[in-house]
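Subject: Structure for your review

Dear colleague,

I am handing over the structure we discussed, and I would be grateful if you could look through it alongside the notes below.

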Amino acid sequence: MEKYVAADTIWVLIGAFMVFFMQPGFAMVETGFTRAKNAGNIVMKNFMDLCLGSIVFWVIGFGLMFGTDIGGLIGTPDFFVQGDYSGTYPSWAFFIFQTVFCATAATIVSGAMAERTKFSVYCMYSILISAVIYPISGHWIWGGGWLGAMGFHDFAGSTAVHMVGGVAALVGAKILGPRIGKYNADGSVNAIPGHSLTLGALGVFILWFGWFGFNGGSTVCATGDDVLASIGSIFVTTNMAAAAAATATMFLTWLRYGKPDVSMTLNGALAGLVAITAGCDAVSVPGSFVIGIIAGIVVVFAVEFFDQSLKIDDPVGAISVHGVCGALGTILVGVFAVDGGLLYGGSSAMLITQTTGVIAVAAYIAIVMTIVFQIIDKTIGLRVSAREEIAGLDMEEHGLASCYADFMPALEDFHGAVSPSEAAAVTVTHVTTAASSATRVDGAHKMSKVVIITSQLRFEALKEALDNLGITGMTVTKVLGYGLQKGNTEYYRGAEVSVHLLPKVKVELIVAAVPVVDVVAVAKKVLYTGKYGDGKIFIYDVENVVKIRTGEEGYAALQDKPIEE
């Protein structure tokens with residue numbers, strides 16, 4: 001008699017393939033919600049989550065999660081998955097299904113720590129969470145551990161997968177600190193928009209699609225009328241929660257901000273999907289609708305709370321979507337479950353069990369990840385340097401000038417973007433030489449145009465020095481500079497990249513009262529490092545200047561007020 005059921009095996013594998021497809025969804029959401037100069041780095045992190053996680057989960061993680069229970073806390077190690085974990089499907093089918101779930105938990109952290117984390121450190125974290133950290137709490141819930149034994153219900157992973165990733169993201173983002181320019185000295189917030197909402201929306205649609213495998217495939221069975229009816233119901237509750245959450249988020253942001261917020265509404269759909277994952281098999285369609293509305297409202301306030309009150313910089317909202325809504329959705333099972341929920345005549349026992357599980361897993365992840373991240377931070381360091389962060393991780397970590405070849409990269413506004421620790425080195429001192437005390441001369445004024453092209457890293461220092469010199473107006477343009485930087489050979493797919501188009505700033509100013517030689521002297525003093533890329537200064541004679549508003553010409557047109565005769 002055959003052991004395996006074809007329908008069950010195929011269903012488990014289809015679920016695995018769909019959850020696998022969520023990986024590019026996460027990559028697109030994170031890439032779209034961040035800046036183009038880090039896109040390659042983000043793609044690499046999400047890609048390596050899957051690669052590294054697949055290996056170490058096979059080596060040790062799977063056994064710790066699903067091996068023979070030891071005291072309800074951990075599974076017996078089963079290196080390289082030698083045991084039999086089959087049901088009506090083969091062991092390897094179950095293994096690949098669980099592998100892609102592990103990759104999902106690992107990749108959630110990437111978004112919250114985006115744009116300022118060392119790639120090497122991120123790979124270390126990915127290995128640790130896939131090999132040990134996620135499998136242990138996963139064993140408590142799904143592997144025969146103590147939470148499962150007490151009746152904790154997390155059907156597809158609101159807590160086991162999403163909250164684990166969300167809490168780890170919270171710890172990592174807190175220890176890492178905000179991106180340069182995110183917060184002003186007075187604590188006010190600077191929005192740093194993502195470079196492509198189109199990519200972000202594509203990622204959300206991919207995730208929504210994959211979630212049908214995430215939740216529906218978690219039946220690990222596709223035979224019998226009861227199971228088939230459950231699969232149909234799971235698909236509907238999953239879809240309804242996402243739709244309701246996105247709609248609630250749209251209307252709430254419309255009311256709070258005056259216009260419906262696109263990125264927040266996309267987060268709303270994900271919040272609904274995360275929240276329904278724990279109870280998608282246990283709640284009714286109306287129950288999923290309400291859960292979605294609650295999640296869609298909560299995610300908005302959670303994003304604002306972490307961003308504005310706690311000053312934790314989470315570029316994609318991963319903490320709020322996965323951490324907060326993962327915990328929320330798990331607890332709400334105790335309210336909305338048709339069998340045992342408070343609204344359906346159940347006692348408080350289920351609600352207490354759900355809350356206990358959430359608190360226990362959150363505490364475990366918070367403690368372990370704090371230890372892990374602190375050790376890494378104190379030894380090799382979590383964060384790239386300020387210079388690397390401003391230049392972009394694509395170039396600094398991967399030798400990639402732009403992963404959008406032949407397109408203008410989306411460059412950042414700095415918001416005074418030099419970190420306090422490097423301010424002295426970057427901003428230099430106020431210019432106090434004779435050059436800064438140039439006075440107006442009598443008679444005709446020679447007008448000159450000075451054009452300075454230099455690195456974005458030095459712009460704030462240049463601007464401050466020119467202000468001190470008495471320059472009252474300038475035009476600043478973000479441009480691409482073409483040139484070969486010797487000693488900095490980079491490779492793309494094994495081939496040497498001989499030239500780069502690098503982000504530069506072009507500063508244009510017309511001077512008359514301030515001698516050109518003083519402007520040049522100050523610019524050279526501020527911009528000089530002795531390395532390639534310091535920039536160039538171009539000087540032109542200006543024949544005339546006409547102020548359109550008043551009709552004044554020449555020197556008078558350069559003044560803020562008419563010159564008194």
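A salt bridge, as the term is used here, is a side-chain nitrogen of Lys or Arg within 4 Å of a carboxyl oxygen of Asp or Glu. Please keep in mind throughout that this is a predicted model. By that criterion E396 and R387 form a salt bridge, because their closest N and O atoms are 3.3 Å apart. Neither partner is buried: E396 is partly exposed, with a relative accessible area of 27%, and R387, at 47% relative accessibility, also counts as partly exposed.

The structure holds 13 salt bridges in total, and a few others deserve a description. One of them joins the side chains of K45 and E30, with an N to O distance of 3.7 Å. K45 lies in helix α2 and E30 in helix α1, which spans residues 6–32, so this pair ties together parts that are 15 residues apart in sequence. Both K45 and E30 are buried, which means that each has under 20% relative accessible area.

A salt bridge within a single helix is found between K463 and D467, whose side chains meet at 3.5 Å, N to O. These two residues are four apart in helix α16 (residues 459–469), and they are therefore separated by about one helical turn. K463 is partly exposed at 33% relative accessibility, and D467 is likewise partly exposed, at 39%. Beyond these pairs, R35, E115, R179 and D313 are linked in a network of salt bridges.

Turning to the surface, I55, W58, F79, F80 and W92 make a nonpolar patch of about 540 Å². W58, one of its members, is placed in helix α2, residues 39–66, and is partly exposed, with a relative accessible area of 35%. Because patches are made of residues with over 30% relative accessible area, W58 meets that cut-off.

As for the interior, the structure holds three cavities of 30 Å³ or more, and the largest of them has a volume of about 130 Å³. Its lining comprises 15 residues, among which F26, V29, V316, A318 and H322 lie nearest the centre of the cavity. At least two lining residues of the largest cavity come from each of α1, α3 (91–112), α9 (262–277) and α11 (318–336). Sorted by class, the lining of this largest cavity has eight nonpolar residues, six polar residues and one charged residue.

With best regards

Conventions:
Residues are numbered from 1 along each chain as its sequence is written. This is a predicted model: local features need pLDDT of at least 70, side-chain atom pairs count only at pLDDT 80 or more; totals for chains, interfaces and linings use all residues. Side-chain values use heavy atoms; hydrogens and water are left out. Patches are made of residues with over 30% relative accessible area and no salt bridge: like charges are joined within 9 Å, nonpolar side chains (Val, Leu, Ile, Met, Phe, Trp, Tyr) within 5 Å. Accessible areas come from the Shrake-Rupley method with a 1.4 Å probe; for residues, only the protein chains shown count as cover. Buried means under 20% relative accessible area, exposed over 50%, partly exposed in between (1.4 Å probe, protein chains only). On a 1 Å grid over the protein atoms alone, a cavity is a set of points where a 1.4 Å probe fits but cannot get out, and a pocket is an open set with protein on both sides within 12 Å along at least five of seven lines; lining residues have an atom within 4 Å of a point. Grid points are joined across faces, edges and corners, and a volume is the space filled by probe spheres set on the points. Ala, Val, Leu, Ile, Met, Phe, Trp, Tyr, Cys and Pro count as nonpolar, Asp, Glu, Lys and Arg as charged, and the others, Gly among them, as polar.
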